[in-house]
Each structure stands twice: as structure tokens, then as C-alpha cells.
Amino acid sequence: MTRRSRTPAKSIYMGSFDVLTWGHYSVAEMAARLFGKTDVAVAFNPNKTYLYSRAERVALARQGLAGIDGVRVCSFEGLFTDYVKRHGYNVVVRGVRSSADLNDAMLLDALGEMQFVEGGGVIPVYLPCKRKFQDTSSTSTKAILDGQGRAYDLAPLVSIHAYQARKMSQYICGLTGVSGAGKTTIANEFKAIAASRGIDFSHIEMDKLGHRILNREENDKIFRDTRQEIIHRFGVERVTTDGNIDRKKLGALVFGDPQKMAILNRIMAEPMNLMIADQLRHKTGFSMLDGALFAETPELLPLIHNNVVLVSSSQKALRARLAMRDGLDSAQFERRQASQFTTKTKRDALMKQITKDRYGRIINFDNSSVLGPAQNDLMVAFNEMMEAVDIFGELRVTGFLKLLRVEQPKQAYDLLRSFYAGNDRHYHAWSHIVDGINQIQNIEDQLDDPQALLLGWLFHDAVYDVTNNSSEDRSMALLQQVGTAWGLDARLIKKAQRFIEVTKHGRVRPETSDELYMVDVDFSMFGRPWKVFSQCVNDIRYEYPALSNAEFNNGRRAFLQSLGPDVFRTDRFKCEFAEQARSNIDRSISALK
């Protein structure tokens, strides 16, 4: 009697993932544990309207599922059964939350089975969602976010950040630091920079919101109950004659006792959430939430997607500011210092939450100078903040279009983004444009004509046709057509067209310093860490479906070999990317052999 050999399981979990939820995450995690690894396939249906492009949903799924070992994210179009057959999957994973989900999944699998010849050998596996996620869906998550509600128990932060950006045009960042660090000064400086770039900026001071609760300016039941609990915990003698809570007396009590401070933070957390939601509702653009206690109150961090500017200062500067602002003597200063987290403690607490959520960024800013913050330091921090928060480039592109006097900048931004949203886009998608914007904002002071270069960058891959070499010329023609309709100056359009022309790599030689920067921005992908670089190459591969693997690899090898020893032309990019780029190219050529 012969023993039949067992075929290793090759599993796939399919969905649209237009908003990736914790329910999706739990199914992918179970599939990876059960089968050792699993592919998560992002479906594309031309008859459906998605919030995100195909490339964006793939990118968001990769970020959202990054915490699971053994998960690879891919995408497909057409019949799912054809994709399964083409790639040899023998297990199809379905996540089910209810009996209705199970019935729907079984019906889909029965219909799918008809697409296989006898002995197809594909096994459906139905994995129940974890109990706490049984009521979680993309639809319910969207509904809660639309109402400015808390969805952090329903979806990863990357999903929430992306939805609030794309659907609501809301971009949020925190601002924190020890008492006296100068947060208000930094917020005002950032507001001025934003205004110079056409970006709408709101500064929301959380201390003032807290004062409204303590001063009976907010009188709904939850706020009345909050005041009563504070009075019960900390004593009626801290109530003024008009019924408000005396903030100075309350502060004197809690600032000297970290345990009491923690109790007060807990009491205030939920009403503060409601106040902040009211502030953000119907607000678009960039909002900076200025709060001293983000690190001490992790319940508030999801509001800012764990993205926070941490302002620090020297002890000498802190003493001087608090003496001037609050009249603190040395003993009072020491008590104030002892009652709060240090900058290092704050940074550690913030990083702990970022690590736990696998999402967020700390932008460190040293505000020790008695002369005030240096403009260059402010610009660097502002750019880093935009890179963390403005994930779709909407703030910076609409601001740029405002400065060019385009009449409807939001509609113009949506038009630009639509050029890169095609189903055939994998690498040369809108994310490539945003990545370039992140690079360009850091070299703006070194450019002779930053406006023309940025305009050229926004259009340089607007037409992308792998079947011929006319994409750049057609992109230049599209810029001429759209730019004229927007009322842009003809000389600016012509300059921007030249920046598109120099992206004909190997066919047009860049001549000016700005043109060299344009080429380096376009090539910056070569200098990223190997994991990022290799994923970009895989995405480019999907843009050439008509080529065989051998044809693509031969063409890729020839292109890499043509780059020569120096990929980058400018000192800035050589310093930042050249070494990693050489390693990536050599490794790629070796693998292609």
C-alpha cells in the first residue's frame, strides 16, 4: 500500500480592504499561524467604486498587516478563481463573523468550484473572526469615523489616518513638551510657515478646552459629572465662589503628586475626547492639538495617530520662561519639574505607544535658544511633520496650487491624483508623487525655481504607457492642456515641461542644477533600504504584464548596468542615498544573473 504525499498548503485570503479593520487583521493572523504563511490578495472590481486606488489599498494593507509574520500582500483583477489557478493556491481562506457571512462565503465557494475542472483540489477554510471583532466591518468603521467618533478598537491607526485624510481632508498632529518648553511659540511659527505655503492651519489648545470644562462653560451632563468627581476627589475648598473649580489650587495640589495627576488625567480623558471631537467636526486642513499630557495620557494618542512634535528645552531656558510666565521661584520650579514627566520620559512613553501600534512618529524640536527658534530648524521640523501627517500630499499640493492662483485647488488636486489612480499603476502611482514631494520639500532652499520643478514633478508620470516611449511627451502635452485651463503662466508651464523631459533617463541629458535634482528625486527609490527597494521593483514588474519573466529580467538587468557607478548627480543625494543605492543595484544584478 502506497502512502499519498501531502501537498504543502498554499493559502490565500481575499478582500477589497477599502478600509482594513482589526477583523481583517485577525483573520490574516490566524491564517498565517495555521498555514505558516498566507497571501492577502487585494481585489479589484471595475464595477465597484473604491475610496482608494488599487495601489493605495495594497500599500495600506501592507502597513496595516506588517505586524504579522508570514503575510504577503498582492493584488489581482478578474476572476478570483483564475488567480487561484494561475498561482497554484490550494487553500482559500474566508473570514466569517456570523452565520450570514458563512452562508455567503459558502455560496461564493460553490460558484467558484464550477470554474475548476474535476480534481481542482482547492479547499475552502472558514475562519471565525475573534469575538470582539464580530461586529466590526469596513462600513461600521467608516460610519463611526464620519461622525468624528473613536474607531481605534475597530481598525489599525494607518486605516484611520488614511480614511480621515482621504474622506474628510483632516490631517492631525500633536504638540507636547514639558511646562515652559515654548509650545505656543512653536505652534505660532508653524502656523506662519503653513500660511506661506497656502496650507490651512488650526491650533487647538487643549489646556483651554480643559479650562472650559472646569469653569462651567460646558454644562452637558458629562461635564457636570466630571466637575463633581474632581470636587469629590480633591476637595470642595478648590471651588470658587461662582462655582468654578479653582485651577490654581487644583494645580498646586496635583503638580506635586504624580499619583493625583494621573487620577486627574483619567477623569478628564473622556470629556476632553468629546471636546476635541467637537473642535474637529467639519474642520478640514491641518490641525495641531497642543497638549502637555499626551505622553502621560495614552488614551489621547490615537487622536493624533501617534504623530507628535516633542518640544524640549534646557533647564536654564525653562527656569527663565516659567519665572516670566508664571512667576515661579526656584522652589516652585523644582516642584513643577518633579511633578511632571521629563522630556526623556515623555519620549520613552510616546515611543512605547508607537512601537505597540507600529505607527506614528516623534518630531523632536529643541527650543533652548534665548533668541528664539532658528528658521532653518523650524523648516526641517515642519517638513518632517508634513511627511508624517500629509500622507496623500493633499495639504502641500492644494497649498501649492493656491499659491499658483488656481481657482479650485481641491478639485485640481483630485484631478492630478486621478491621473495616477489607474488599475495598471503599481509603482508609478500617486504614492510615487508624494514620495517625491517629501524629497523636494527638503531641497527647496537649494533650487533656483522650486515652483517649476514641483509642477513638473506633479505631471511627470501623469501619462504612463509601458508599450512605447511617448509617455513623457504625452505628460508634457497634458501639462500644457491642464495648466492652460488652470490659468498658469505660459513660461512656468514651459519650464515645468523641461523638468518632465529630463526624466527620459538615458535619452535626455540634464543640464542645470535643478534638472540634476529632478533626476535624483526620480531615482531616490534606488537608495532606500533593500526591503523597500525590492518591493518597488516587484511593483514595477506588475506594470509589464505582457512581458515574460525572462524578458523583464533581461531588460531590468540592462537598465541597471547602464546606470554606471554614480546613480546620483547632486551632493545631497549622493550623501544620503549613494551607498545604499550601489548595494541595491549590485545585489539586484547578481540576483538577475
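This passage describes the largest pocket and an open sheet in a predicted model. Residues are numbered from 1 along each chain as its sequence is written, and side-chain values use heavy atoms, without hydrogens and water. Local features need pLDDT of at least 70 and side-chain atom pairs pLDDT 80 or more, whereas totals for chains, interfaces and linings use all residues.

Strands of a sheet pair through backbone hydrogen bonds, either parallel or antiparallel. Here, an open sheet of five strands follows the order E7-E8-E6-E9-E10, with parallel pairing. Strands are DSSP runs (E) of at least two residues and helices are runs (H or I) of at least four, numbered from the N terminus; two strands pair if DSSP finds at least two bridges between them. At the edges lie E7 (201–205) and E10 (361–366), each pairing on one side only. From one strand to the next, the twist averages 25°. Between the parallel strands E6 (residues 170–177) and E8 (residues 285–290) there are six bridges, and glycine 174 has leucine 289 in E8 as its bridge partner.

Turning to the pocket, its space amounts to about 2000 Å³. A pocket is an open set of points on a 1 Å grid over the protein atoms alone, where a 1.4 Å probe fits, with protein on both sides within 12 Å along at least five of seven lines; lining residues have an atom within 4 Å of a point. The volume is the space filled by probe spheres set on the points, which are joined across faces, edges and corners. Of the 48 lining residues, Ala59, Arg62, Gln63, Val532 and Gln535 are the closest to the centre. Helix H23 gives the largest share of the lining, eight residues.

Notes. Axes fitted to C-alpha atoms, helices over the stretch in contact; angles between N-to-C directions.
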